[in-house]
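Visitor: I'm new to this structure and would like a close look at one part of it. Could you pick a strand, show me its neighbours, and then take me outward from there?

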Amino acid sequence: MHRLEKEFAGRTLIMETGRMARQADAAVYVQFGDSAVLVTAVAERKRSHLPFFPLTIEYREKTYAAGKFPGGFIKRETRPGDKETVSARQIDRPLRPLFPDDYRNETQVACFVISADQENDADVLGMLGASTALSLSSIPWDGPIAGVRVGRVESEWIVNPTFEELDFSDMDIVVAGSEDSIVMVEGAALEISEEEFVEALNIAHPAIKELIGFQRELVEMAGGAREKFEYEASEPPEGLEEAVGSRAAAQVGAALRIADKAERDVALSELREEIVAALEEEYGEEVGRVRGIIRDLEKKEMRRQILEESVRVDGRGLDDIREITIDVGVLPRTHGSALFTRGQTQALCVTTLGTINDEQRIDSIDLPGETSKSFMLHYNFPPFSVGEVRMFRGPGRREIGHGMLAERALQSLLPPYDDFPYTIRIVSDILESNGSSSMASVCGGSLALMDAGVPLRGPVAGIAMGLVKEGEEVAVLTDILGVEDALGDMDFKVAGTERGITSIQMDIKAKGLSVETLQEALERARKARLSILEVMGRTLSGAREEMSQYAPRILTVQINPEKIGEIIGPKGKTIRGIEEKTGAKLNIEDTGVVTISAVSADVGRAAKEMVEAIVEEPEVGRIYEGVVKNTTAFGAFVEIIPGVEGLCHISELEEGRTERTEDVVQPGDVVQVKLLAVDERGRLKLSRRAAMNGN
């Protein structure tokens, strides 16, 4: 066993190998504070038959890590939750580009969260452990990398902030990088400027290099990096690339000038079939490599057109944004809806408003108890959006990741829950896709929220930036297409308001990208975002004043917590009576906040008045309309507030002498009485005579 113990970001970092999971190619235990992960790396020694690199990254949280049982009826861990899925993608994205281009062996990296101190997030530990395990293993990989989380509390930068510190931080950004450059960024912020974002990267990179140094030290302690195993590169037969190139180069260039995605795909498909037919007899089964060779030609030609001619696949200039069309209120019975179309990317976004009963319950190992979530954005990517036929299944990792990115972009702009006590769900159904569908979800989601009457602090827009880099030649692309994402060197998604960035995600394939290039991309993204916000503002500039008639109405009443029992009543009789009489639903928190959910404003007001009447404190000098509950020889007891009675003495029933109480009032009569006084024992003195006289 080899163990390394260091101080990092004010806490103890432990890295260990050789004790656990020894039959894996490599396994690393990483502990930071009392949070710990076990990360393993394993690869098959034979080439996969699949036409792509089958890399799997698994990130699984064990509930025993926090001394908990899994929630629900099944008391064992089942499918990964959204947090686990996003963490797995976060580890995958910086690792994947560092495997050899021609490597096709099935490879798996598994990260188990086995201790959770509910103070330190384990996701960045998983990234550190994955890089270290791959570095120790014999798996071909060009690392190492590392990742840190950056926060800022009251202008003070914090590396790997605790959960408590993040509650007060104006940003939560995970940055991954090598010793030379930043390769991945993901996170959310409270409208930070582009300059502040670059500053966060500059804070992160020295910490990343420090972690890479720890990895190298552990590898040396373990006897140095193992020799990487040889894999089957499977080179194409001699002459095939030249044969395809001579037949296809010019036609690939022509196809890449077809603006419509579907037409371009048809042209390339017909070209592949034509070349396969021409070369099949000569090359036999090896002719199956034609697709990959044409893809390489497509990549080379696309990049040449951009760098030499400053012309993109669809004919746009480098900074041009595709045409945008917007329709809001497109669905008659939903609470808010928007159809956002940018070029050949289209998102149908729908907002639904609900009550506290609609909140999503979350059982997390990062928190001491069960929590709830009142804002959700769900992103769906059906196969017809790209003209394909596939099985409809549950949301995949990409859908969950894109939904989380868009959710973060909007969340910080929502009104405080106390001011707008609704559970909010946005669904973004992608109807067409040709690049940047997650950012279309941000734009459409913002519009759908405002269409539903949600008072956002400001509208939000998103844009995806790209990059093509060959040597010293660099071209930054605005509003990238799907092919520019696939064949380019960067996918840089930036969402925000006029005031600043709220969500960001960046993946870089090129090495040695300068900070100046990133700053240029950020500035162009800001200009594009402002342009899109202007277009959105011409359609809907702010939240609608009136919510949909089909949306629930939610009112809140703050009562004295000591009065909660009076609202509930014996065995819940009082609260049930209010709900049955009005049709509203009531929820009472321990703090005394009563939330009233109703199908209409009138129903809500009626329930609110009944609640206020129950908890109302009697006011001396006020005239009340009450019900005579009982009569005696010395007067009548009148209920002026539900559950609150006072005595109207016989002498206070009317002017002059009254012989019998029943001569003036009977039980069940509704009378007006004035509250004259409340004695030291809390008894109420009422007067019908004073109320009649108006004094």
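Guide: Here is a walk that starts at one strand and then moves on to a few other places. Keep in mind that this is a predicted model.

Let's begin with strand β13, which covers residues 345-354. Is this strand mostly covered or mostly open? It's mostly covered, with nine of its 10 residues buried. That burial is counted at under 20% relative accessible area.

Now look at who sits beside β13. Strand β12 (residues 336-342) pairs with β13 in the antiparallel sense, and seven bridges join the two. To find your place in that pairing, go to Phe340, whose bridge partner in β13 is Ala347. β12 and β13 form a hairpin with two residues between the strands. Gly343 in this hairpin has a positive phi near 60°.

β13 also pairs with strand β17, made of residues 423-432. Nine bridges link β13 and β17, and they run antiparallel. A handy marker here is Gln346, which stands opposite Glu432 in β17. As a bit of background, side chains in a regular strand alternate between the two faces of the sheet.

From strands, let's hop over to the largest nonpolar core. It holds 161 residues, and Phe197 and Phe492 touch the most other members. Helix α4, residues 194-221, gives the most to this core, with 12 residues. If you zoom in on Phe492, you'll find that Phe197 is one of the residues it touches. Leaving aside residues up to four places away in sequence, Phe492 also meets Ile463, Ala464, Met465, Ile504, Gln505, Met506, Leu518, Ala521 and Leu522. In soluble globular proteins, nonpolar side chains tend to be buried together.

Next come two pairs of helices. Helix α5 (residues 240-255) and helix α7 (residues 290-309) have axes that come within 9 Å and cross at roughly 45°. α5 and α7 are therefore oblique to each other, and their crossing is right-handed. On the α5 side, the contact includes Leu240, Val244, Ala248 and Val252; on the α7 side, it includes Ile293, Ile294, Leu297 and Gln305.

The other pair is helix α1 (residues 82-95) and helix α2 (residues 123-136), which pack at an angle of about 40° with their axes 10 Å apart. So α1 and α2 are oblique to each other as well, and α1 passes α2 in a right-handed crossing. Among the residues that meet here are Ser87, Ile91 and Leu95 in α1 and Met127, Ala130 and Leu134 in α2.

Our last stop is a closed barrel of five strands, running β25-β26-β27-β29-β28 with mixed pairing. From one strand to the next, the twist averages 50°. Inside this order, strand β27 (residues 644-649) and strand β29 (residues 684-687) pair in the parallel sense over two bridges. Leu647 stands opposite Lys685 in β29.

Strand β25, residues 623-632, is where you'll find Lys629. Lys629 has 43% relative accessibility, so it counts as partly exposed. Leaving out residues up to four places away in sequence, Lys629 touches Phe637, Glu639, Glu645 and Pro667. For a sense of the spread, compare Lys629 with Asp101: they are 528 residues apart in sequence and 88 Å apart in space, C-alpha to C-alpha.

Conventions
Residues numbered from 1 in each chain as written. Predicted model: local features only at pLDDT ≥ 70, side-chain atom pairs only at ≥ 80, totals over all residues. Heavy atoms only, no water. Core = buried A, V, L, I, M, F, W, Y, C linked by side-chain atoms within 4.5 Å. Buried < 20%, exposed > 50% of the residue type's maximum accessible area, 1.4 Å probe, protein only. Helix = DSSP H or I, 4+ residues; strand = E, 2+ residues; numbered from the N terminus. Contact = heavy atoms within 4.5 Å. Pairing = 2+ DSSP bridges. Axes fitted to C-alpha atoms, helices over the stretch in contact; angles between N-to-C directions. Parallel < 35°, antiparallel > 145°, perpendicular 65-115°, else oblique. Left-handed = near helix turned anticlockwise from the far one by under 90°.
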